[in-house]
Amino acid sequence: MKTVTLGPEGTYSHRAADAVADGDIHFRESVYDIVDGVASDEFDRGVVPIENSIEGSVTETLDALADLEIAVVREVVTPIRHALLAQNDDFETVASHSQALAQCREYLEETHPDVDLEAVASTARGVERAREDASIAGIGHPDNADETLSVLAEDIQDRNSNATRFFVVASPAERSEAGGKTTLVVYPSENYPGLLLELLQPFAERDINLTRLESRPSGERLGDYMFHIDVTAGLYEDRMQDAIADLEALAANGWVRPLGSYDVEHVV
Ligand SMILES: O=C(O)C(=O)Cc1ccccc1
């Protein structure tokens, strides 16, 4: 099975993909390209970060899921422990994924207040820049160290509970109704007092717990949103089908897209 994830080699997404894929792993340097590569059947599976316990949602992933026809088939949760990697102490710039820079903000402000921060496509891309240039340090998994790059500091994330959720995406034909959790995207294309309350009522009435609710701009006009919703119930359940029917009635001017059901897997 061809699996695609965020590259180059050595990203956290790569580590999550290693835990769920059968070895045929390919790399792209944007989340949109990964999801698009699966939606267009170039790859069978994609592994993308969706949410971090410190920094919150990966908005690029949310927007790709809403934009493209795709299913979510698995969820992988993994602890994230960042290391500072450089050729020596004399670096002037820290290059990493924007999420990694944000997860280490307090550490960087306290220990390296004068360095420039540079957001790059992935942690492994930043590590590669550090390998080529002694004035640059990267933030990434300590396994990226080698004869050129040393680990200058370990566990530099601002909270030790740092964890990231990854989604495994597949073509819509592979959407599963089985599993204890479901992800949906809802675009009501409406704006009136109490709309959000009404959209959540179908779940509350059926005792279905919400584990995530995110609004993202629809891109249509300012103040117009789509909602990303995760719940602890499977699409196979009657109460979920009933809740979705209610949502569809409420979003008659827009759309409701159940992306699939799955169980959570924890990997280290
Ligand atoms: O850049 C990476 O390594 C990624 O996979 C994205 C990411 C960045 C920071 C924490 C978790 C995932």
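Two residues are said to be in contact if their C-beta atoms, placed from the backbone, lie within 7 Å. In this predicted model, residues 24 or more positions apart account for 73% of the chain's contacts that have a separation of 6 or more. The points below go from the whole chain to one sheet, and then to a single residue.

**The chain as a whole**

- The secondary structure of the chain comes to 8 helices and 16 strands.
- The radius of gyration of the chain is 20 Å, which is close to the 18 Å that the globule rule gives for 268 residues, so the chain is as compact as a globular protein of that length.
- Taken along its principal axes, the C-alpha trace of the chain spans about 60 × 40 × 30 Å.
- Of the chain's 268 residues, 40% count as buried.

**Domains**

- The domain assignment divides the chain into domain 1, made of 3–79 + 163–172, domain 2, covering 83–154, and domain 3, covering 181–263.
- Between the C-alpha centres of domain 2 and domain 3 there is a distance of 39 Å.

**A sheet of four strands**

- An open sheet of 4 strands, with antiparallel pairing, follows the order E13-E14-E12-E15.
- Strand E13 (210–217) and strand E15 (255–262) stand at the edges with a single partner strand each, so that one side of each is left without a neighbour in the sheet.
- On average, and with direction ignored, neighbouring strands of this sheet are turned by 15° against each other.
- Strand E12 (residues 181–187) runs antiparallel to E15 and is joined to E15 by 7 bridges; Val185, for instance, has Arg257 in E15 as its bridge partner.
- Helix H3 (residues 59–67) packs on this sheet, where H3 touches E12, E13, strand E14 (225–231) and E15, and the direction of H3 makes about 85° with that of E13.

**One residue in detail: Glu128**

- Glu128 lies in helix H6, which is formed by residues 123–132.
- A residue is buried if 20 or more other C-beta atoms lie within 10 Å of its own, and Glu128 counts as buried because it has 21 C-beta neighbours inside 10 Å.
- Glu128 and Gly10 are 118 residues apart in sequence, while in space they are 9.8 Å apart, C-alpha to C-alpha.

Note on methods:
Residues numbered from 1 in each chain as written. Predicted model: local features only at pLDDT ≥ 70, side-chain atom pairs only at ≥ 80, totals over all residues. Domains from an automatic or database assignment. Helix = DSSP H or I, 4+ residues; strand = E, 2+ residues; numbered from the N terminus. Rg over C-alpha atoms; globule rule 2.2 N^0.38 Å. Buried ≥ 20, exposed ≤ 12 C-beta atoms within 10 Å, placed from the backbone. Pairing = 2+ DSSP bridges. Axes fitted to C-alpha atoms, helices over the stretch in contact; angles between N-to-C directions.
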